[in-house]
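Okay, thanks for coming, everyone. Let me put the structure up, and then I'll walk you through a couple of spots.

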Amino acid sequence: MDEAAALLEPLIPQLRRYAYAMTRDHESADDLVQDTLERALSRWALRRRDGDLRAWLFAIERNLHVSSIRTRRRRPESALDAADEPGGPATQEAGLAARDALEALDHLPEDHRTVLLLVGVEDLTYEETARVLDLPVGTVMSRLSRARTRLRALIETGRSGYLRRVK
Amino acid sequence: MTMPGAPVGDDDLAALVDGRLTPERRAAVEAWLAEHPDAAARVEADRSQRDDLRARLAFKVEEPIPSRLRIANIRVARRARSLSQLRAVAAAVALVALGGAGGWVAKDVAGTGQGASSSPVAFVSDAVGAYRTFVVEIAHPVEVRAGDEAHLITWLSKRIGKPLKAPDLTGFGFRLMGGRVLPAGAGAAAMLMYDDDAGTRLTVYVRADKGAETAFQFMREGEVGTFTWLDRGFGFAVSAKADRDRLLPIAEAVYKDLGA
């Protein structure tokens, strides 16, 4: 049996879920997962055998996603990824309100989304998440706390805005 | 971990939301929350948002894995790409020989020179190092100018009994400036340099490398982007101060040209 396939395939559903939450597009999400798996296979021999495979894969996936955002942003003709531009159009938008957590997530910057998803949805420990982001655990904790504060505010606004509209 | 009796902090509240407290600490934090309704409400909101997020994304983990993401299929696709490169070896041999004919040696240029069985990382750092060293060179960016190419290529093609060409990148606005040879461990590496009207320089670096075959990999060091791949005993690197999207079609053209 192929060792790489046996170890990687059980993790594909999680890689797809994180990719979808980040891209919010099914095709782009699977493109991202495919790139991640190709990269993982090409570096299979280089991975640390005692290391955490899941954290390693999420790190590859997240880095690929971040560099694709950067590439898009460098091209002047493409629209900025509003969610990744603090103070950008999305944040100033009057309708900045979210009726659920997934919608709210779209308004947060990439690193906030990543900690919320890896910790809250993918069940990575704080230490694993720190490894994925290549940051100290303390920084991850404060980022998580800021991300949750923003998420609460977005949903709060969304709820009151929604109520006002139905009245 | 925090002592059970320590004052409650933000980290405790986060760990409570994420279910990562020991039972003793959890009891202490919950007792504290009973007296701090604002904090308790925030914890409750965080919990319900996390659950909401999970619920909204749950369908994605339930979906069957698309066949293009099966590891076996990803491997097949990678191999198919390598096979189309059958003749790249001949071209690579010739390129290395082209360097050898020039006979230019500068041991310090190619870095540590781990050579033939170096890791992809060392290969890339040698290729990027070579790019950085010569791309800034005004007087002697190349050892053999493109004008002499026909003569050299003819001679080399005769020597190895196979037609050879330098990749044609004019479609991307890059003209061949020439090439040079660089030391690479026990062997040699060949570098071809191109430039465009804006003065952007691009290098194609080839050397013998026994590493396992790989698909295209993109690396960035500062402003320099590099696509590399290893195939049948040779490593290839295409470097330029260009972003991934501009470099990818060029790397693909080099791939095709050296394989055609």
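So, which side chain does the side chain of A:Thr114 make a polar contact with? Quick housekeeping before I answer: this is a predicted model, so local features need pLDDT of at least 70 and side-chain atom pairs count only at pLDDT 80 or more, while totals for chains, interfaces and linings use all residues. Residues are numbered from 1 along each chain as its sequence is written, chains are lettered from A and ligands numbered from 1 in the order written, and side-chain values use heavy atoms, with hydrogens and water left out.

Right, the partner is the side chain of A:Tyr18, at 2.8 Å. By polar contact I mean N or O atoms within 3.5 Å, where within protein one must be able to donate a hydrogen and the other to accept it, and residues adjacent in sequence count only if both atoms are side-chain atoms. A:Thr114 sits in helix H7 of chain A, residues 110-121, and it counts as buried because its relative accessibility is 0% (the cut-off is under 20%, with a 1.4 Å probe and protein chains only).

Now the interface. Here 42 residues of chain B are in contact with 47 of chain A, contact being heavy atoms within 4.5 Å. There are 8 salt bridges between the two chains, meaning a side-chain nitrogen of Lys or Arg within 4 Å of a carboxyl oxygen of Asp or Glu. One of them pairs A:Arg16 with B:Glu63, closest N and O atoms 2.9 Å apart.

Conventions. Helices (H or I, at least four residues) and strands (E, at least two) are DSSP runs, numbered from the N terminus. Buried means under 20% relative accessible area, exposed over 50%, partly exposed in between (1.4 Å probe, protein chains only).
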